[in-house]
Amino acid sequence: MDERFVLVGARTPLPPPVKARKWYEGRPVVSMAVLAGIVLGCLFCGAFVSGEPGYMDLLHSSEAPSKEFWFGTDTMGRDIFAMIWYGGRVSLLIGALSTGISTALAVLFGTVSGLAPRWLDDLLMRLTEIFLSIPSLLLIIFLQAILGKANVWSLSLVIGVTGWTSIAKVVRSEVLRLRNSEYVMASRCMGGGFFHILRKHLAPNFFSSIMFMVVMNVRAAIAAESTLSFMGIGLPLEVISWGSMLSLSEKALLSGAWWIILIPGVFLVVTMLCVTNIGGWLRGEGEQRGNNL
């Protein structure tokens, strides 16, 4: 048709309808389901675990997996199936507690640095960089040596106070971006205090940016506890966790009892892989949300 002629009254074709994305598309559904199963199994293990995790049956020490002992027994005759689920409680508790401590410290430190004058902001950031330059595992060992014998609370504390620096730098960057916003300035002019501004105006805007780092801190905390126990300076053997179970690996390898180290290791690795996948998805969602803004 000649472009000089226009057909009056012709209806322009409508764009094709946008197909709604299903709720599970793009999400790590398998990782979420596996992690939820592990967490729920650890929380409600009393409903399906009949044995006592700390009971030492020396007559059945280092037995391979069987109908009586599904995951076998360790060198002290303890049922590994019961230890896995009850020990998961301790490992997940340490991960959650230490992440809560590190997140609270990072939010407070980063917000203070972002709202502070230039000279104080530079000083606080230099302090953060000093902490980042020290290997976290070395710092954890040093602080734990000061506190004495390790337990769940002391390990959560030392892991928490050494894992806040990366999150604090992101919080500070977000606060610098938001500090001159109209709603923040209006709140300050109306007499809003530091914690009021943080709770009402700053945290809702930057929390999505640090969510993936918070999730990854859970993984780092569980790995740190397992590493310390594997090295023999973490939780004592009577406190059952996935890390303390791995501390028996030397005896297990010498005796050929592969299940003592393999089964706790599989649970630990699967949990950290699931957390890593969920953290990566949250990071992508945060970047996409930022691009849309």
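**Exercise 1. Work out where P53 sits, whether P53 is buried or exposed, and which residues P53 touches.**

Step 1: start with the contacts, where contact means heavy atoms within 4.5 Å. Skipping residues up to four places away in sequence, P53 touches R78, A82, M83, Y86 and I240.

Step 2: a quick word on the model. It's a predicted one, so local features need pLDDT of at least 70 and side-chain atom pairs count only at pLDDT 80 or more, while totals for chains, interfaces and linings use all residues. Residues are numbered from 1 along each chain as its sequence is written, and side-chain values use heavy atoms, with hydrogens and water left out.

Step 3: place the residue. P53 is in the loop between α1 and α2; helices here are DSSP runs (H or I, at least four residues; strands are E, at least two), numbered from the N terminus.

Step 4: check the distance to Y86. The two residues are 33 residues apart along the chain, yet the C-alpha atoms of P53 and Y86 are separated by 6.9 Å.

Step 5: decide on burial. Buried means under 20% relative accessible area, exposed over 50%, partly exposed in between (1.4 Å probe, protein chains only). P53 has a relative accessible area of 11%, so P53 is buried.

**Exercise 2. Do the same for Y55: is Y55 buried or exposed?**

Step 1: Y55 is also found in the loop between α1 and α2.

Step 2: list the contacts. Not counting residues up to four places away in sequence, Y55 touches G77 and R78.

Step 3: for distance, take D79, which is 24 residues from Y55 along the chain; their C-alpha atoms are separated by 7.7 Å.

Step 4: the relative accessibility of Y55 is 56%, so Y55 counts as exposed.

**Exercise 3. Describe how α1 packs on α2, and then how α7 packs on α8.**

Step 1: pick the descriptors. Two packed helices are described by the angle between their axes and the distance between the axes. Axes are lines fitted to C-alpha atoms, for helices over the stretch in contact, and angles run from 0 to 180 degrees between N-to-C directions.

Step 2: get the numbers for the α1 pair. Helix α1 (residues 29-43) packs on α2 at about 110°, and the axes are 8 Å apart. That angle is why α1 is roughly perpendicular to α2. For the classes, under 35 degrees is roughly parallel, over 145 roughly antiparallel, 65 to 115 roughly perpendicular and the rest oblique.

Step 3: name the residues. From α1 come G37, I38, V39, G41, C42 and L43, which meet W85, G88, R89 and L92 in α2. Sorted by class, this contact has six nonpolar, three polar and one charged residues. (Ala, Val, Leu, Ile, Met, Phe, Trp, Tyr, Cys and Pro count as nonpolar, Asp, Glu, Lys and Arg as charged, and the others, Gly among them, as polar.)

Step 4: repeat for the other pair. Helix α7 (residues 182-189) and α8 pack at about 175° with axes 10 Å apart, so α7 is roughly antiparallel to α8. On the α7 side the contact uses Y183, V184, S187 and R188, and on the α8 side H196, I197, H201, L202 and N205. These residues divide into four nonpolar, four polar and one charged.

**Exercise 4. Find which residues touch the most other members of the largest nonpolar core, and which helix supplies the largest share.**

Step 1: fix the term. A nonpolar core is a set of buried Ala, Val, Leu, Ile, Met, Phe, Trp, Tyr and Cys residues joined through side-chain atoms within 4.5 Å.

Step 2: the largest one has 28 residues, and I167, L202, F206 and I210 touch the most other members. At least two residues each come from α2 (80-115), α3 (118-133), α6 (165-178), α8 (194-230) and α11 (258-292). The largest share, nine residues, is from α8.

Step 3: zoom in on I167. Beyond its neighbours within four places in sequence, I167 is in contact with T103, A106, I210, M213, V214 and N217.

Step 4: look for a second core. Apart from the largest one lies another, of 25 residues, including I38, C45, M245 and F267.

**Exercise 5. Say which residues S102 and T128 contact.**

Step 1: S102 is found in helix α2 and, with a relative accessible area of 1%, is buried. Leaving aside neighbours within four places in sequence, S102 contacts G160, G163, W164 and N217.

Step 2: T128 is in helix α3 and is buried at 0% relative accessible area. With the sequence neighbours within four places left aside, T128 contacts F109, W164, T165 and K169.
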